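Here is a short briefing on charged pairs and strand order. Keep the sequence and the 3D view open while you read.

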Amino acid sequence: MTERRMRAMVVHEPGGPEALQPAELPVPQPGPGEVRLRVAYAGMNPVDAMLRRARLEWMPVRYPFTPGIEHTGVVEAVGEGVDAALVGARVLSRVSFGGYAEHSLAPAAALVRLPDGMSLAVGAAYRGCSATAWYALHGATRVKAGDRVLVHSAAGAVGAMAMQIARDAGAKVCGLAGGPAKVAFARGLLADPAGEVFDYLQPDWPAQARAFTGAGGFDIILDGNGGAAAAANHGLVGVLGRIVHLGATAGAPAATVPTPQLIAGSYSIGGMTLRAVEAKMGAVADPIILREVLAGRWRVPVSEVVPLAEVAALHARLEARQVMGRALIEVGGEAGGR
């Protein structure tokens, strides 16, 4: 019997975007508790780019590896112990890699079934960013009506969803984005005349942000950007405010703030990653997120779709901070995923 082969983009050794190389691999066979997906789309998750460079110590991978931690597809085969009725289901996989290939393996217990009315494309983009934002606001910071919320990287996927979730919780929302195009993109997603988005490339953005609060400071600051701009958070947070770092796409934030400064300012600093905090798939946040996304109240920021062969160029643009929202990589597409 001829071995089935599949297209993939593989990282053989850590490196830049050029480390992503086309390959033909054997179609994998699902083991106990696993399913095999016919991949439709993969989301351009920053985790894939960071692991390509081996920059996530808390999430090591073995090389060579096929990125694509967040991807959708259709179940085409099941392993031992998995209900065969799952074959044909449209699902999202976001706890195992392999989305940069025509077929992937995933633990059956970790799949999210996509509801009727949600495309495979939106399915690949909606959950990771929405759940990160939801847990940051309703878990790590416990947002409430009237809170003043500052969201860094507001034109990014997590930032865009965080603005909408905070807005619908009754908060007064301010976003930060780099450059006029990103500011316009973020404002369109926030869609709130009481909110605002400022350009953090302008030197006076901290003064603009503080004026937005009425000089009282922010109750919640969500920072997935890090870098040099993170230092300004400490002059913008209000009394009993909370700064939560969700990532560092612009580089590691400044050194840890001395405890006496936290005491004197009466604020706190924390961090969060979805992988550590989310409950079992389908619990707590999932029904809420699906309801709001399907109703169109929370708009998933899909900005572009590129073919699998162009994924290295997409990684390069992501690292150059030229990607807005969540870009998608088309593998089998809507038709190929069915």
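**Salt bridges and a parallel sheet**

Arg 167 and Asp 168 form a salt bridge, with 2.8 Å between the closest N and O atoms. The model is predicted. In total, it holds 14 salt bridges. It also has an open sheet of 6 strands.

**The Arg 167 pair and a network**

- Arg 167 has a relative accessible area of 16%, so it counts as buried, the limit being under 20%.
- Asp 168 is partly exposed, at a relative accessible area of 41%.
- Elsewhere, Arg 36, Arg 38 and Glu 76 are joined into one network by salt bridges that share partners.

**Salt bridges at Asp 147 and Arg 148**

- Lys 144 pairs with Asp 147 in a salt bridge, and their closest N and O atoms are 3.0 Å apart.
- Asp 147 is buried, because its relative accessible area is 2% and the limit is under 20%.
- Arg 148 meets Asp 219 in another salt bridge, at 3.2 Å from N to O.
- What does this pair tie together? Arg 148 lies in strand β8 (residues 148-151) and Asp 219 in strand β11 (residues 218-223), so the salt bridge links parts that are 71 residues apart in sequence.
- Asp 219 is buried as well, with a relative accessible area of 14%.
- As a general point, side chains of opposite charge can pair when their charged atoms come close.

**The sheet**

- Which order do the strands take? The order is β10-β9-β8-β11-β12-β13, and the pairing is parallel.
- The edge strands are β10 (196-199) and β13 (268-271). Each of these pairs on one side only.
- Neighbouring strands of the sheet are turned against each other by 20 degrees on average, direction ignored.
- Strand β8 pairs with strand β9 (residues 172-177) over 4 bridges, in the parallel sense.
- Leu 150 has Cys 174, in β9, as its bridge partner.
- In general, strands of a sheet pair through backbone hydrogen bonds, either parallel or antiparallel.

**Helices across the sheet**

- Helix α4 (residues 180-190) lies across β9 and β10. Helix α4 runs at about 170 degrees to β10.
- Helix α5 (residues 205-212) lies across β9, β10, β11 and β12 (237-245). Its angle to β10 is about 165 degrees.

**To look up in the 3D view**

- Find β8 and β11, the strands that hold Arg 148 and Asp 219.
- Then find β10, one of the edge strands. Helix α4 lies across β10, and so does helix α5.

Key. Residues are numbered from 1 along each chain as its sequence is written. This is a predicted model: local features need pLDDT of at least 70, side-chain atom pairs count only at pLDDT 80 or more; totals for chains, interfaces and linings use all residues. Side-chain values use heavy atoms; hydrogens and water are left out. A salt bridge is a side-chain nitrogen of Lys or Arg within 4 Å of a carboxyl oxygen of Asp or Glu. Buried means under 20% relative accessible area, exposed over 50%, partly exposed in between (1.4 Å probe, protein chains only). Helices (H or I, at least four residues) and strands (E, at least two) are DSSP runs, numbered from the N terminus. Two strands pair if DSSP finds at least two bridges between them. Axes are lines fitted to C-alpha atoms, for helices over the stretch in contact, and angles run from 0 to 180 degrees between N-to-C directions. Contact means heavy atoms within 4.5 Å.
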